[in-house]
Amino acid sequence: MSIYHIAIFLTVLLAWKLTVETQLMDSFFIGDPVLVFGKIVNWFASGDVFRHLWVTLVETLVAFGIGSVLGLVVGLWLALSPLASQLSSPYIKGFNAMPRVILAPIFSVWFGLGMTSKIALGITLVFFVVFFNVYQGVREVSPVVLANAKMLRASKRQLLRSVYIPSAMSWVFSSLHTAVGMAFVGAVIGEYMGSAAGMGYLILQAESVFDINGVFAGVIILTFFAIALDYGVGFVERKLLHWQPREARTIGDTA
């Protein structure tokens with residue numbers, strides 16, 4: 001995080017505080033930044049927030065992992081199988097078009113109010129983000145590279161390992177940055193719809209007593225939590241895709 005990011009953040013806080021102090025908007029509706037951050041400090045000092053953060057983290061990571069693996073496997077399978085792709089295409093497009101947030105109460109009935117229903121919702125959100133990127137990445141493999149590999153008598157397994165998967169990797173990690181946020185959204189929405197723990201539950205409790213400062217405190221914690229998860233995905237991406245050039249270079253450029 002650069003000095004510019006910090007400056008923008010402090011400017012937003014200052015504008016928020018001035019809006020409240022000058023009564024441009026009532027603090028009942030937008031909260032008070034001093035009280036909000038006081039609430040955050042109290043939550044961490046008492047240790048209450050850690051249990052809720054842990055529940056949301058587990059739900060997010062499990063949904064992210066399962067949804068990403070399913071999206072990768074199904075994306076590869078359908079991209080390499082034209083017949084299966086053609087048969088399943090209308091069903092996949094139809095399910096993807098459905099607003100999957102409405103599945104939250106259905107999953108709560110099926111799996112109860114525990115973590116399983118939140119994980120199931122997160123998987124449905126993550127799957128399609130990864131699936132479509134993997135599918136597109138495999139379909140856009142260079143025909144020249146593919147033809148050369150086949151001329152060298154590469155087996156299907158070798159083509160998959162050395163051509164298709166490397167071609168799709170940049171698409172995969174591009175989708176994972178979005179997918180980790182979707183897993184997070186699925187977990188929080190599921191908790192908000194009905195649960196006994198988690199950050200969504202904590203925000204719902206604050207909302208039920210009209211504690212707008214508690215609501216904003218929960219939202220801010222969730223925001224920084226999501227940013228940390230995205231940085232984690234970026235770290236893994238840099239480690240696994242270190243072979244990819246970070247910027248385009250011409251022949252005349254120096255290393």
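## Ala 226 and Thr 60

Ala 226 belongs to helix H11, which covers residues 212-240. The model described here is predicted. With a relative accessible area of 27%, Ala 226 is partly exposed, because that class lies between the 20% limit for buried and the 50% limit for exposed. Ala 226 is separated from Thr 60 by 166 residues in sequence, while their C-alpha atoms are 9.9 Å apart in space.

Thr 60 sits in helix H4. Its relative accessibility is 0%, so Thr 60 counts as buried. A polar atom of the Thr 60 side chain lies 2.7 Å from the backbone oxygen of Thr 56. Leaving aside residues up to four places away in sequence, Thr 60 touches Val 180, Ala 183, Phe 184, Ala 187 and Leu 229.

## Helix H4 against helix H10

Helix H10 consists of residues 199-208, and its axis comes within 7 Å of the axis of H4. The two axes cross at roughly 130°. H4 and H10 are therefore oblique to each other, because 130° falls neither in the range of 65 to 115 degrees for roughly perpendicular nor over 145 for roughly antiparallel.

On the H4 side, the residues that meet H10 are Val 49, His 52, Leu 53 and Thr 56. On the H10 side they are Met 199, Tyr 201 and Leu 202. Thr 56 thus appears in this contact with H10 and also supplies the backbone oxygen that lies 2.7 Å from the side chain of Thr 60.

## Helix H5

Helix H5 runs over residues 82-97, a total of 16 residues. At 1.5 Å a residue it should span 22 Å, and its end C-alpha atoms are 22 Å apart, so the two values agree. The expected span rests on one less than the number of residues, because the rise is multiplied by that count.

H5 also bends, by about 50° at Ser 88. A proline, Pro 90, follows within four residues of that position. Ser 88 is itself one of the buried residues of H5, together with Ala 84, Ser 85 and Ile 92. The buried residues of H5 pack against two helices, H4 (48-80) and H7 (115-139). H4 therefore has contacts with H5 as well as with H10, since contact means heavy atoms within 4.5 Å.

## The loop at Asp 32

Asp 32 lies in the loop between helix H2 (27-30) and helix H3 (33-46). The relative accessible area of Asp 32 is 11%, so this residue is buried; the limit for that class is under 20%.

The side chain of Asp 32 reaches the backbone nitrogen of Val 34 at a distance of 2.9 Å. When residues up to four places away in sequence are not counted, Asp 32 touches Trp 16, Lys 17, Val 20, Glu 21 and Asn 213.

## Positive phi in two loops

Gln 23 has a positive phi of about 60° although it is not a glycine. Gln 23 is located in the loop between helix H1 (3-21) and H2. At 69% relative accessibility, Gln 23 counts as exposed.

Phe 210 is likewise not a glycine and has a positive phi, of about 55°. The loop that holds Phe 210 joins H10 and H11. Phe 210 counts as exposed, with a relative accessibility of 65%.

How values were computed
Residues numbered from 1 in each chain as written. Predicted model: local features only at pLDDT ≥ 70, side-chain atom pairs only at ≥ 80, totals over all residues. Heavy atoms only, no water. Bend = angle between axes of the 7 residues up to and from the residue. Buried < 20%, exposed > 50% of the residue type's maximum accessible area, 1.4 Å probe, protein only. Polar contact = N/O pair within 3.5 Å; in protein donor to acceptor, adjacent residues only side chain to side chain. Axes fitted to C-alpha atoms, helices over the stretch in contact; angles between N-to-C directions. Parallel < 35°, antiparallel > 145°, perpendicular 65-115°, else oblique.
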